[in-house]
Amino acid sequence: EFMIKNVKLETTSMSLHLMAMGFMLCDHLWATIVPGNDWLTCIGRLTFPIFAFLTVEGYFHTHSFKKYMTRLLIFAILSEIPFNLVMGSSWFYPIHQNVLWTFLLGLGLIHLNEKAKKTGKLVKRILTGIGTVCMAYVLGIVLFVDYYHAGVLMVLVFYFFRGRKWWNFISQFLLLYYINVEMLGGYTYEFTLFGETYYFVRQGFALLALIPIWLYQGNEGYKSKALQYVYYGFYPVHLLILALLRMII
């Protein structure tokens with residue numbers, strides 16, 4: 001939340017969902033029918049952190065964890081073929097799974113930590129926390145989920161450092177920097193400033209997602225059952241449309 005001349009800047013769950021969907025569309029347009037427009041994928045880097053954050057918030061706001069997981073599982077299955085068509089130009093692409101599997105894995109690990117919390121035993125909570133981080137690293141790679149171990153770890157960052165204390169914000173920034181810039185790395189842009197050459201990792205644009213995330217105050221905004229399924233359905237539907245357009249074009 002931020003005040004400018006009595007105008008309050010605040011994001012809601014709805015606005016975060018819509019932003020992330022728009023950013024995702026930009027990234028996937030770049031990956032399919034309008035390649036070469038790097039600004040699209042730079043914008044797209046903001047997508048994952050926002051959805052990772054919303055996944056954690058969804059865990060704490062859902063009325064039924066089982067129903068939440070079931071919905072996500074159904075749409076993960078429905079998204080698999082559209083995702084395969086986009087990523088591998090094939091109906092079957094076993095070496096890379098869609099991002100909903102990443103969030104399912106993250107939610108499962110969050111649930112393990114929450115169960116450990118309920119025991120009231122500090123040692124068990126610490127061991128579970130360490131264990132789930134290790135599991136995130138291994139399972140993210142072994143299961144070939146989108147963003148691999150880095151993606152599952154980003155979900156856990158927003159879980160372990162959930163809150164609006166200054167140390168939550170600093171931890172989120174530092175850990176997301178490490179995950180996106182040091183761990184993921186990837187394509188870099190070279191630029192010169194005052195005669196010195198610098199390099200900026202494209203994945204580093206993901207850190208900009210923290211701005212709308214930090215403006216979130218827990219307000220869900222407008223919500224309805226229909227809108228909820230728009231959020232879920234957007235992923236497989238837009239992937240399928242893009243895959244078909246790429247075939248036609």
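Trainee: What makes the meeting of D38 and R202 a salt bridge?

Mentor: The term asks for a side-chain nitrogen of Lys or Arg within 4 Å of a carboxyl oxygen of Asp or Glu. The side chains of D38 and R202 come to 3.3 Å, N to O, so the pair passes that test. D38 sits in helix α2 (residues 38-44) and R202 in the loop between β4 and α9 (210-214), so this salt bridge links distant parts of the chain, 164 residues apart. The helices are DSSP runs (H or I, at least four residues), as are the strands (E, at least two), numbered from the N terminus.

Please keep in mind that this is a predicted model: local features need pLDDT of at least 70, side-chain atom pairs count only at pLDDT 80 or more, and totals for chains, interfaces and linings use all residues. Residues are numbered from 1 along each chain as its sequence is written, and side-chain values use heavy atoms, leaving out hydrogens and water.

Trainee: Good to know! Is R202 buried or exposed, and how do you know?

Mentor: Buried means under 20% relative accessible area, exposed means over 50%, and partly exposed lies in between (1.4 Å probe, protein chains only). R202 has 15%, so R202 is buried. D38, its partner, has 24% and is therefore partly exposed.

Trainee: What makes E57 and R162 a salt bridge, and which parts of the chain do they tie together?

Mentor: Their side chains meet at 2.8 Å, N to O, and the pair counts as a salt bridge. E57 belongs to helix α3 (residues 47-61), while R162 is in the loop between α7 (148-160) and α8 (166-184), so the contact ties together parts 105 residues apart in sequence. E57, at 8% relative accessibility, counts as buried, whereas R162, at 35%, is partly exposed.

Trainee: How many salt bridges does a search of the whole structure find?

Mentor: Five. One of them joins K223 and E220, at 3.3 Å, N to O. With a relative accessible area of 56%, K223 is exposed, and E220, at 32%, counts as partly exposed.

Trainee: Why are K115, K118, K121 and K124 called a positive patch?

Mentor: Patches are made of residues with over 30% relative accessible area and no salt bridge; like charges are joined within 9 Å, and nonpolar side chains (Val, Leu, Ile, Met, Phe, Trp, Tyr) within 5 Å. Lys and Arg count as positive, so the patch formed by these four lysines carries that sign. K121, in the loop between α5 (99-118) and α6 (122-142), has 54% and is therefore exposed.

Trainee: Which residues make up the nonpolar surface patch?

Mentor: I95, Y137, V138, I141, V142, L143, F144 and Y148, with about 700 Å² of accessible area together. That area comes from the Shrake-Rupley method with a 1.4 Å probe. Helix α6 gives the most to this patch, with four residues. I95 is in the loop between α4 (65-88) and α5, and Y148 is in helix α7. At 32% relative accessibility, Y148 counts as partly exposed.

Trainee: What makes the phi of Y148 worth pointing out?

Mentor: Y148 has a positive phi of about 50° although it is not a glycine. Most residues other than glycine have a negative phi. Y147, in the loop between α6 and α7, has a positive phi too, near 70°. At 17% relative accessibility, Y147 counts as buried.

Trainee: How do you know that β3 and β4 pair?

Mentor: Pairing needs at least two DSSP bridges between two strands. Six bridges join β3 (residues 188-193) to β4 (residues 196-201), so they pair, and they run antiparallel. L193 stands opposite E196 in β4. The two strands form a hairpin with two residues between them, and F194 in the turn has a positive phi of about 55°.

Trainee: And where is Q217, and how far is its C-alpha atom from that of S13?

Mentor: Q217 is in the loop between α9 and α10 (225-248). The C-alpha atoms of Q217 and S13 are separated by 9.2 Å, with their positions 204 residues apart along the chain. Q217 has 33% relative accessibility and so counts as partly exposed.

Key: The place of a charge is taken as NZ of Lys, CZ of Arg, CG of Asp or CD of Glu.
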